[in-house]
2 protein chains.
Amino acid sequence: MDKSQAKPALTRSFDLLRALATDESGENRLTDLARRAGLTPSTALRLLRGLINEGMVDYDEGRRQYRLGIEFFTLAARAGNPGNLRDLCRPVLLRLSATLHDTLFLLVRSGFDAVCLDRSEGPFPIRSFTGDIGGRVIMGVGQGSVAILAFLPEAEREEVIRFNLPRLYDQHRLDEVFIRGEIAAVRKLGYASRSSGLLPGMAGIAVPILDREGQAVAALSMGTTTERLNGERMPIVADILKREAETVSRLVNPFDPVLRRPAASLSGV
Amino acid sequence: MDKSQAKPALTRSFDLLRALATDESGENRLTDLARRAGLTPSTALRLLRGLINEGMVDYDEGRRQYRLGIEFFTLAARAGNPGNLRDLCRPVLLRLSATLHDTLFLLVRSGFDAVCLDRSEGPFPIRSFTGDIGGRVIMGVGQGSVAILAFLPEAEREEVIRFNLPRLYDQHRLDEVFIRGEIAAVRKLGYASRSSGLLPGMAGIAVPILDREGQAVAALSMGTTTERLNGERMPIVADILKREAETVSRLVNPFDPVLRRPAASLSGV
DNA sequence: AAAGATTTTTCTATTTTATGGAATTTTTAT
DNA sequence: ATAAAAATTCCATAAAATAGAAAAATCTTT
């Protein structure tokens, strides 16, 4: 007879933060948040005050609206994470979007999804699954996530595929044959590309960023329109992206502290 | 004899996150974090595992290093974005830095400071108080924060001035007469500018972004060198910035949900 | 402007979780 | 191989979190 609805305060606090982060209604009053996070109002209030104390949540007394605090943003933006992928890739993204005249994305894996860590806009408006920074996409959808998936260690890759197959089919009508075909193609070419993607008129090309074990930790991805990515341009862009991805790979923990050998490379793939 | 060392788990968890975010040593093993966050190893371990479950912290088993997780950055990317200001201003910043050939900043107020929400680099290297994204500056220092300060409601403005005067003097040798003079000038002109700033050789110009009550919520700021911002160019740039700021103002919650009237404007200031 | 409805906040007895130190295992350094 | 350090488990006790009731504040409607 365990009616334990008990969850540690930490979990519930992050439920609240996520409720704030994923909000699309613009309604973030106490009751809204309590409902969306599955808490009683009194519990939600106490936790929110704790979060406000930590600077993670701001409260607009006038309109009675809670929102994620600037402190949170500051903390992350200033995170002097050496080997921080986003900082390492920022100049690469800027340079590539300037020279290629297209939009560049940096994607990393997060569980069974890929998350957009950064993007740099080109002059042409595009649509993408990844969307803005922080945007998520199921691994298997879009060139970027496929590039990562293809270069995951086999056991992990299989786990991701098995978990994602139902939602890949439900949400995108992608089946196992298609996914495995894509992965095989990416592993052969060293890059992911489809001029006829799931978004009409949109095309993209992506390469993995590998860690020192040769496993994908992220992907460098370019999004553009179908007519801007013809058969002629594709291998050229692929080469440029590969080269940049290798540069980044070498910068991510340049030497393994144990093995003392340089990072893995995609050369010859 | 209250030796109460008790602190809620939430606080301690954020102590750990801050320890991770502000780390400069690159040493983030359990003991390091426990020491820096002021926790016992067993407490730190339990909390870190909770944070890992939430995706806020990643653990590299091989090297026994903790680091901030993707969820943390995902949440942070959604934070500090009142009214979607950052997203709304991103294209404006890109456009302006391209056409003006200078570096653009988006600043918002955070308590008694201003925080850099975004920036877009121009071709000329500049120095600024704001520094990088996430950087802070005392309200009253630099054109951007003064632009916000000048268009705060009077009571709030006075509160900020009173609080900040000691540190403005301690850190920057700015006294009350100077600050009040600046504010008066900004309110008269509608923009903040100093060709001879506190940073030798650096100049800047900033305009407030107003909410529907006519109160500053943010500032659009251009940073450049003294020789690039002469008396001739200044009013031109000011006009361009003002126009962009008004566009943004109108987009930030275009209609008040209660009053149903458009956002305030700086026209005629 | 008053009454009703909703939301926010306070309070508290009870349940649940968090705590740090001791003991144990694992890893690292010598 | 041995010692030292770090990571992890365990647990009795202390502390914090919980939900509900009730009060206060706020918003709605007339």
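Let's start with one pairing in this predicted model: L104(B) has M222(B), in strand 8 of chain B, as its bridge partner. That pair belongs to a set of six bridges joining strand 3 (residues 103-110) of chain B to strand 8 of chain B, and the two strands run antiparallel. On strand 8 of chain B, you can also find L220(B), which stands opposite V207(B). Here the neighbour is strand 7 (residues 202-210) of chain B, which pairs with strand 8 of chain B in the antiparallel sense over nine bridges. Five residues sit between the strands in this hairpin of strand 7 and strand 8 of chain B, and G214(B) there takes a positive phi near 80 degrees.

So how enclosed is strand 8 of chain B? Nine of the 10 residues in strand 8 (residues 216-225) of chain B are buried, so the strand is largely enclosed by the rest of the structure. Buried here means under 20% relative accessible area.

Now zoom out to the whole sheet. In chain B, six strands form an open sheet in the order 5-4-3-8-7-6, with antiparallel pairing. At the edges stand strand 5 (136-138) and strand 6 (192-194) of chain B; each has a single partner strand, so one side of each is left without a neighbour in the sheet. From one strand to the next, the twist averages 25 degrees. Follow strand 3 of chain B the other way and you reach strand 4 (residues 113-120) of chain B, paired with it in the antiparallel sense over seven bridges. In that pairing, S110(B) stands opposite D113(B). A helix from the other chain joins in here: helix 4 (residues 70-78) of chain A packs on the sheet and touches strand 3, strand 4 and strand 5 of chain B. The direction of helix 4 of chain A makes about 55 degrees with that of strand 4 of chain B. Helix 7 (residues 154-172) of chain B lies across strand 3, strand 4 and strand 5 of chain B too, running at about 95 degrees to strand 5 of chain B.

Over in chain A, there is an open sheet of six strands with the order 5-4-3-8-7-6 and antiparallel pairing. Strand 5 (136-138) and strand 6 (192-194) of chain A are at its edges, each with a single partner strand, so one side of each has no neighbour in the sheet. At the strand 6 end, three bridges join strand 6 of chain A to strand 7 (residues 202-210) of chain A, and S193(A) has I205(A) as its bridge partner. Next, look at the loop between strand 7 and strand 8 (216-225) of chain A, where G214(A) has its place. Is G214(A) buried or partly exposed? With 26% relative accessibility, G214(A) counts as partly exposed.

Last stop: the DNA. Around DNA strand C there are 17 residues, and T31(A), R49(A), R12(B), T43(B) and R64(B) come nearest. By class, this surface has five nonpolar, five polar and seven charged residues. Which part of the DNA faces the protein? Of the atoms of DNA strand C within 4 Å of the protein, 80% belong to sugar or phosphate and the rest to bases. Among the contacts, a polar side-chain atom of R46(B) lies 2.8 Å from a phosphate oxygen of DNA strand C. For S42(B), a side-chain N or O atom is 3.0 Å from a base nitrogen of DNA strand C.

Key. Residues numbered from 1 in each chain as written. Chains lettered and ligands numbered in written order. Predicted model: local features only at pLDDT ≥ 70, side-chain atom pairs only at ≥ 80, totals over all residues. Heavy atoms only, no water. Buried < 20%, exposed > 50% of the residue type's maximum accessible area, 1.4 Å probe, protein only. Helix = DSSP H or I, 4+ residues; strand = E, 2+ residues; numbered from the N terminus. Pairing = 2+ DSSP bridges. Near = heavy atom within 4 Å. Polar contact = N/O pair within 3.5 Å; in protein donor to acceptor, adjacent residues only side chain to side chain. Nonpolar A, V, L, I, M, F, W, Y, C, P; charged D, E, K, R; others polar. Axes fitted to C-alpha atoms, helices over the stretch in contact; angles between N-to-C directions. Contact = heavy atoms within 4.5 Å.
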